[in-house]
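Biologist: Got a minute to walk me through this model? I'd like to go over the contacts, the ligand and the pocket.

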Amino acid sequence: MLLRHTPKEIVERSALTINPAKTCQPVGAMYAALGIHRCLPHSHGSQGCCAYHRSALTRHYAEPIMGSTSSFTEGASVFGGQSNMLESINNIFTLYDPDIIAVNTTCLSEVIGDDLKQIINRAIVDNKIPPGKTVMFASTPSFKGSHVTGYANMLTAMVQNFAEKTGAKNNYVTLLPSFIEPSDMSEIKHIAAEMGVQYIMYPDTSGVVNAPMDGKFHMYPKGGTPKELIRASGDSRSAIALGRVGTFQAAQLLDTKCKVKTDILDLPIGITATDAFVDTLRKTAGVTVPESINTERGQLVDVLCDKAQYVYGKKVSLMGDPDTLYGLVQFCKDAGMRILHVVTGTPAGAKWDRRMKELTGEGTIVKSGAQADLFYLHQLLQNDRPDLLFGNTYCKYISRDMDIPLIRTAFPIYDRIGHSYVPITGYRGGLNLLIKVLDILMERQDRDAPEEKFELVM
Amino acid sequence: MVEILAARKQQVLEKGKDVFTIECEKPSTAGSVSQRACVFCGSRVVLYPIADAVHLIHGPIGCAAYTWELRGSLSSGPELHRLSFSTDLRENDVIYGGEKKLYAALKELIGAYKPNAAFVYCTCIIGLIGDDVEAVCAKVEKEVGIPVIPVHSEGFKGTKKDGYKAACEAVFKLTGKDDITPVPKFSINILGEFNLAGETWIIKDYYKRMGVNVASCITGDGRVAEIGRAHRAKLNVVQCSGSMTYLAKMMEEKYGIPYIRVSYFGIEDMSKALYDVAEFFKDDKILDNTRELVKSEVNKLLPKLTEYRKDLEGKKAGVYVGGSFKAFSMVKALRHLGMETVVVGSQTGSPEDYDYLKEITNEGTIILDDTNPLELSGFILEKGADLLIGGVKERPIAYKMGIGFCDHNHERKEALAGYDGMLNFAREVHTSVTSPVWKYSPARIKAAETARVAKERLV
Ligand code: SF4
Ligand code: SF4
């Protein structure tokens with residue numbers, strides 16, 4: 001058994017991370033960048049990082065994930081990566097012709113201290129950037145934060161580079177989602193559209209990392225937010241940021257840079273959080289909630305009523321990314337579940353820890369940061385066994401070892417398909433999630449029922 | 001016409017048209033969407049299957065996270081290699097150095113897991129901040145009494161190939177430890193076979209049937225103690241030559257063990273690999289056994305291949321793999337299925353490798369080094385391939401174009417080595433190429449339509 005080595009007794013580890021519950025910044029930055037139309041993510045560092053980040057996203061989405069690399073060699077590590085970056089810019093525009101190059105740094109270029117702002121300025125001065133094209137960057141050192149931080153940094157860079165206040169207000173509401181699946185991006189757009197709200201959303205990876213098969217390889221699939229819209233977000237009437245850790249910085253910048261009034265909410269996962277989103281959208285856009293949205297909500301509530309007894313009181317443990325976790329915990333609470341553990345490898349900050357604790361109440365173990373890894377989670381689970389586990393693919397080892405069913409809701413998911421097509425946000429997403437949970441719990445009940453209690457109708 | 005970066009012009013040729021020698025073994029052009037990885041990746045994949053050692057990745061978290069469960073190297077016993085250990089360097093460590101943290105991590109790790117050896121992989125950052133990893137490892141080794149081996153795999157210090165070399169140096173340190181445990185007379189080591197999907201077990205079984213003992217397989221289903229006896233085998237059989245020839249050379253020099261290079265993919269190469277070993281031992285019994293084995297395996301295999309061949313005859317394939325030796329075998333194996341290779345390349349080939357590829361392919365074949373998706377998809381389309389053989393990043397590209405795919409890299413789930421492997425390969429290629437799903441591919445529909453119209457015109 002793969003995990004037989006995990007001891008039940010928890011001892012404080014000072015220096016070692018075992019089976020991390022996070023990964024590094026650039027992969028999040030790369031994902032965010034893919035949500036801009038005709039944007040090529042570029043990794044400034046050695047080839048390895050870029051190859052890994054692309055593989056990680058490729059496995060997660062089963063889609064071709066493009067990204068170029070500065071291809072550092074020893075020379076670049078000694079003399080700095082400026083010439084590699086300039087050469088990259090030249091080659092990329094010549095060969096791949098993107099509208100935007102979104103550079104993320106790696107640990108290496110960070111430690112060397114490459115000044116990307118200066119390098120990009122140099123490229124502008126030297127006329128290396130064709131008219132109408134943009135090179136932007138986010139600083140994404142992985143010895144700080146996690147993939148979520150990388151996403152947040154790239155999102156902030158989008159505001160920094162594009163959002164523009166011209167003074168002529170438009171009628172758009174800007175939506176800034178945290179690190180979520182393309183299916184969830186679609187669901188958020190669906191709610192806004194259904195409510196008749198004119199919106200700008202970025203990043204938007206729907207149609208990019210879940211693009212249809214049309215017999216061709218596209219370097220730039222149809223989806224992604226056009227940069228003109230990101231620019232216009234600076235004039236938008238208001239903004240709503242969804243998922244605090246992933247969007248806080250960007251939302252704040254949009255507010256200070258362009259004076260766009262911004263509400264920062266949790267990701268709309270589950271009834272409570274979706275209600276908050278719908279209500280804020282209603283107020284800020286001055287619309288009424290249409291019947292169709294009420295119906296979606298009603299259906300979710302209806303199914304929850306029908307089957308509440310199967311989820312009520314069930315014990316759950318969750319690992320994943322901070323914003324998604326916040327939504328999922330609310331979802332579980334809506335269903336009357338008991339939260340045992342919440343673990344994220346992302347150092348989400350004391351504020352997140354506090355809010356999460358407030359939400360879950362006493363009796364729940366909440367841990368974030370370096371030593372919050374899957375080894376630790378496994379230990380927790382051995383001491384207090386849940387009925388259900390939410391997490392990423394790597395949790396399958398724990399799930400198998402302890403025979404606890406797993407619902408895959410965190411990054412990465414390498415072994416199942418659907419997450420990029422079936423949302424968990426919004427009321428419809430809540431229904432999907434609920435059905436998944438019910439399926440798995442009732443399946444268990446059937447499996448474990450003694451012969452005389454194994455019945456047709458449940 | 002497929003557009004190629006000026007700097008890459010000498011890295012792509014069409015057989016029969018271009019006469020230059022391919023430029024290779026150089027870093028990817030800055031700005032390219034390269035499919036290649038780094039030094040660390042090279043070391044990690046080679047050492048990964050040693051299952052009773054811990055593999056501690058000294059650096060920030062990503063490098064560890066991405067190589068966790070990276071390749072399906074199976075173990076018949078311990079599975080320590082499948083866990084992910086990292087010092088998860090933070091900003092302070094980067095500023096003040098990570099030696100203390102490394103020391104503490106090693107002690108915690110070895111205390112908790114009681115491994116037989118520990119490998120410490122140095123990632124880019126370590127090379128840059130200049131931790132004295134040698135010293136820390138030596139200190140811990142002394143304290144705990146197991147080999148604690150630094151692997152100098154700083155990503156930027158070269159290509160994946162340099163990572164193989166660093167791995168060879170690390171493994172080499174494990175050899176020569178055990179002179180007591182008996183090792184049979186006809187013993188070999190297999191070098192560069194990683195037990196993906198259990199391939200080592202297939203190969204070991206062949207040798208067993210020949211009467212040859214496998215003293216150690218480096219590193220498939222690997223154990224520290226076995227490697228400690230490897231120096232007493234009579235012959236090193238190098239399968240993945242790109243990664244392990246270096247180790248073979250070191251062992252030849254120090255222990256006087258000769259080596260041969262083989263490939264376990266495809267019928268000819270597999271048979272030759274077995275015969276070469278038999279001939280080395282010059283033992284009649286082994287030679288007889290080998291003839292018997294090859295005959296029975298090939299006889300069993302060929303009729304089954306013929307079945308697949310019926311549907312595959314005349315189809316075309318593109319091959320883009322890590323090592324060029326594998327590419328050679330693929331070209332030959334595909335021929336057994338009636339398929340022609342129209343595009344072929346690798347991430348790490350040498351000039352001689354590409355010359356050999358030129359020899360064994362047909363006129364018009366595109367041969368390329370260190371390609372990128374745009375080129376690759378362009379050539380696939382231009383040459384009308386029905387199948388792409390590659391790794392994780394190539395798979396979705398093939399599918400988007402509406403052609404079949406076969407993974408011949410770390411993630412393969414089917415054993416492709418040996419005669420059993422050849423059959424699996426044929427089945428996988430057949431399943432993928434003839435899948436009904438392609439009839440929904442717009443490109444295929446168009447191609448079929450064009451073919452129909454052309455045929456009508458002829459009539
Ligand atoms: S070096 Fe940094 S950016 Fe690169 S893979 Fe490792 S953690 Fe990620
Ligand atoms: S940091 Fe260096 S060692 Fe780590 S993945 Fe990147 S290139 Fe490889």
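**Salt bridges, interface, ligand and pocket**

Modeller: Sure. Keep in mind that this is a predicted model. In chain A, the side chains of A:Arg38 and A:Asp99 form a salt bridge, 3.4 Å from N to O.

Biologist: Where do A:Arg38 and A:Asp99 lie?

Modeller: A:Arg38 is in the loop between helix H1 (25-34) and strand E2 (39-44) of chain A, and A:Asp99 is in the loop between helix H4 (82-95) and strand E4 (100-105) of chain A, so the pair ties together parts that are 61 residues apart in sequence.

Biologist: And how many salt bridges over all chains?

Modeller: The structure holds 46 over all chains. Between chain B and chain A the count is three.

Biologist: Which residue forms a salt bridge with B:Glu91?

Modeller: That's A:Lys144, with the closest N and O atoms 3.3 Å apart.

Biologist: OK, on to the interface. How many residues does the contact take from each chain?

Modeller: Chain A gives 72 residues and chain B gives 71. The area buried between the two chains is about 6100 Å², and carbon and sulfur atoms give 64% of that.

Biologist: Which residues in chain B lose the most area to chain A?

Modeller: B:Tyr66, B:Trp68 and B:Lys400, which together make up 15% of what that side buries.

Biologist: Switching to ligand 2. Where does ligand 2 lie?

Modeller: Between chains A and B. From chain A, the residues around ligand 2 are A:Ser46, A:Gly48, A:Cys49 and A:Tyr52. Chain B brings B:Cys38, B:Phe40, B:Cys63, B:Thr123, B:Cys124 and B:Gly155.

Biologist: Which element gives the largest share of that shell?

Modeller: H2(A), with three residues.

Biologist: And how does the shell around ligand 2 split by class?

Modeller: Six nonpolar and four polar residues, with no charged ones.

Biologist: Last topic, the largest pocket. What volume does the largest pocket have?

Modeller: About 1500 Å³. The lining has 50 residues, and those nearest the centre are A:Arg59, A:Tyr414, A:Asp415, B:Glu411 and B:Lys413.

Biologist: Which elements give two or more residues to the lining of the largest pocket?

Modeller: In chain A, helix H2 (47-61) and helix H16 (396-402). In chain B, helix H16 (395-401) and strand E14 (404-407).

Biologist: How does the lining of the largest pocket divide by class?

Modeller: There are 24 nonpolar, eight polar and 18 charged residues in the pocket lining.

Definitions and conventions: Residues are numbered from 1 along each chain as its sequence is written. Chains are lettered from A and ligands numbered from 1 in the order in which they are written. This is a predicted model: local features need pLDDT of at least 70, side-chain atom pairs count only at pLDDT 80 or more; totals for chains, interfaces and linings use all residues. Side-chain values use heavy atoms; hydrogens and water are left out. On a 1 Å grid over the protein atoms alone, a cavity is a set of points where a 1.4 Å probe fits but cannot get out, and a pocket is an open set with protein on both sides within 12 Å along at least five of seven lines; lining residues have an atom within 4 Å of a point. Grid points are joined across faces, edges and corners, and a volume is the space filled by probe spheres set on the points. Helices (H or I, at least four residues) and strands (E, at least two) are DSSP runs, numbered from the N terminus. Ala, Val, Leu, Ile, Met, Phe, Trp, Tyr, Cys and Pro count as nonpolar, Asp, Glu, Lys and Arg as charged, and the others, Gly among them, as polar. A residue is near a molecule or strand if one of its heavy atoms lies within 4 Å of it. Contact means heavy atoms within 4.5 Å. Buried area is the accessible area (1.4 Å probe) that two parts lose on being put together, summed over both. A salt bridge is a side-chain nitrogen of Lys or Arg within 4 Å of a carboxyl oxygen of Asp or Glu.
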